Amino acid sequence: MATLEGCHCQGAGGQSNNNSILYNILKNDSLTTTEEPTSQPQHTQQHQELKVSSCSSSSRFELRQQQACSCGSSLRRGSLRSPQVTCKAASAVLMKTLRFVKNVPCFRELPEDDQLLLVRNGWVPLLVLGLAQDRVDFETTETAEPSMLQRILTGGCVSQGSLMDRQVEPEQSAGTPGVSLADIQGIKAFLKKCWGLDISTKEYAYLKGAVLFNSDLPGLCYLNYIQSLRREAHQALNEYVKLIHRDDATRFAKLLIALAMLRAISPPVVAQLFFKPIIGAVNMEEVLLEMFYGK
């Protein structure tokens, strides 16, 4: 494993710079327009902070909408209408996503423990971003909730008088098919958000960089380095948006809102919805290790 001293993604004193490997690996050579300077007048920075703050409130509202539904969707469950087609598409996106991660030089420079931690905690948001980028849409059908009698029969015999004490959670019951409709709506809301913004290939790359280098994870060996890479991905995204979308002063904030929606998507839900129908109840960490490291 190469040492971090051999990677030029950090500038002097541990600060990121626009000539880093991460910045250039994500930057498309076709972008020939002169970039705007990264330094902004103070009043512009304050204006942008106000917009981000305002959009953060909007983000929290969207998340509340996606998590709380008056129709009781959190109790209703659903599954893929065409599992073979959708699961195959999701598997292809996962392969493409892991290839993207392995091709980021700064990621390869990290210790294996940090690599593993980032992949384990980032594969779901990276996958869902990939589904949005590849326009993978899917239809679901509502599944019937098992009755108490079915739960008792599939869970084994119980003694008389214990029925009132027996609480079977939907996720814990082997006879309960599908996932919560509220979780499905959350994934669909994120996809719809991305498609509504018409996110470009470069913007998706910067978003993936920001998601991959998650410095909020406990146990990272090179925490400061990963923080700098995350800041760099945000900076590159902001500069690109200012350069290409000059007439949309709120686009950067809208992309941050999309990232906030992405963090609300549950890994067990994604695994059960997109992979369990074809590979069964398999530990996804083992699948990731086999796909990523060939172990």
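1. Two residues count as in contact when they have heavy atoms within 4.5 Å of each other. With that in hand, here is a starting point for this protein: among contacts between residues at least 6 apart in sequence, 83% join residues at least 24 apart. Do keep in mind that you are looking at a predicted model.

2. Next, the overall make-up. The secondary structure comes to 13 helices and 3 strands. The protein has 295 residues, and 43% of them count as buried.

3. On the inside, look for the largest nonpolar core, which has 67 residues. Which of its members touch the most others? They are Phe107, Trp123, Phe190, Phe213 and Phe274. Helix H5 gives the most to this core, with 10 residues.

4. Phe190 is worth clicking on. Setting aside its neighbours within four places in sequence, Phe190 is in contact with Val128, Leu129, Ala132, Ala258, Met261, Leu262 and Ile265. Some of these can be placed on helices: H5 covers residues 112-133, while H10 covers residues 251-262.

5. Now for three helices that pack against one another, beginning with H8 and H9. A quick reminder on how to read such pairs: two packed helices are described by the angle between their axes and the distance between the axes. H8 runs over residues 201-212 and H9 over residues 223-244; their packing angle is about 160°, and their axes are 8 Å apart. Since angles over 145 degrees count as roughly antiparallel, H8 is therefore roughly antiparallel to H9. The crossing of H8 past H9 is left-handed.

6. Who does the touching between H8 and H9? On the H8 side you'll find Lys202, Glu203, Tyr206, Leu207, Gly209 and Ala210, and these meet Arg230, Ala233, His234, Ala236, Leu237, Tyr240 and Val241 of H9. Sorted by class, the residues of this contact come out as 8 nonpolar, 2 polar and 3 charged.

7. H8 also packs against H10, at an angle of about 50° and with the axes 12 Å apart. H8 and H10 are therefore oblique to each other, and their crossing is right-handed. Here Glu203, Leu207, Ala210 and Val211 from H8 meet Arg251, Leu255, Leu259 and Leu262 from H10. The class split for H8 with H10 is 6 nonpolar, no polar and 2 charged. Glu203, Leu207 and Ala210 of H8 turn up in the contact with H9 and again in the one with H10.

8. The remaining pair is H9 with H10. Their angle is about 140°, and their axes lie 9 Å apart. Are they roughly antiparallel or oblique? The cut-off for roughly antiparallel is over 145 degrees, so H9 and H10 are oblique to each other. His234, Leu237, Asn238 and Val241 of H9 make this contact with Arg251, Phe252, Leu255, Leu256 and Leu259 of H10. By class, the contact has 6 nonpolar, 2 polar and 1 charged residues.

9. Back to H5 for a couple of links across the sequence. Leu117 sits in H5 and counts as partly exposed because its relative accessibility is 21%, where buried would need under 20%. Its C-alpha atom is 8.3 Å from that of Gly219, although Leu117 and Gly219 are 102 residues apart along the chain. Which residues does Leu117 touch, not counting those up to four places away in sequence? They are Leu217, Pro218, Gly219 and Leu220.

10. Glu112 is another H5 residue to look at. Glu112 is partly exposed, with 38% relative accessibility. The C-alpha atoms of Glu112 and Cys221 are separated by 10.0 Å, with their positions 109 residues apart along the chain.

11. Finally, a couple of backbone details in loops. Arg135 is found in the loop between H5 and strand E2 (140-143). Phi of Arg135 is near 55°, a positive value in a residue other than glycine. Arg135 counts as partly exposed because its relative accessibility is 48%. Asp198 belongs to the loop between helix H7 (181-197) and H8. Its phi is near 50°, again a positive value in a residue other than glycine. Is Asp198 buried or exposed? Asp198 is exposed, because its relative accessible area is 55% and the cut-off for exposed is over 50%.

Methods: Residues are numbered from 1 along each chain as its sequence is written. This is a predicted model: local features need pLDDT of at least 70, side-chain atom pairs count only at pLDDT 80 or more; totals for chains, interfaces and linings use all residues. Side-chain values use heavy atoms; hydrogens and water are left out. Helices (H or I, at least four residues) and strands (E, at least two) are DSSP runs, numbered from the N terminus. Buried means under 20% relative accessible area, exposed over 50%, partly exposed in between (1.4 Å probe, protein chains only). Axes are lines fitted to C-alpha atoms, for helices over the stretch in contact, and angles run from 0 to 180 degrees between N-to-C directions. Angles under 35 degrees count as roughly parallel, over 145 as roughly antiparallel, 65 to 115 as roughly perpendicular and the rest as oblique. A crossing is left-handed if the near helix is turned anticlockwise from the far one by less than a right angle, and right-handed if clockwise. Ala, Val, Leu, Ile, Met, Phe, Trp, Tyr, Cys and Pro count as nonpolar, Asp, Glu, Lys and Arg as charged, and the others, Gly among them, as polar. A nonpolar core is a set of buried Ala, Val, Leu, Ile, Met, Phe, Trp, Tyr and Cys residues joined through side-chain atoms within 4.5 Å.
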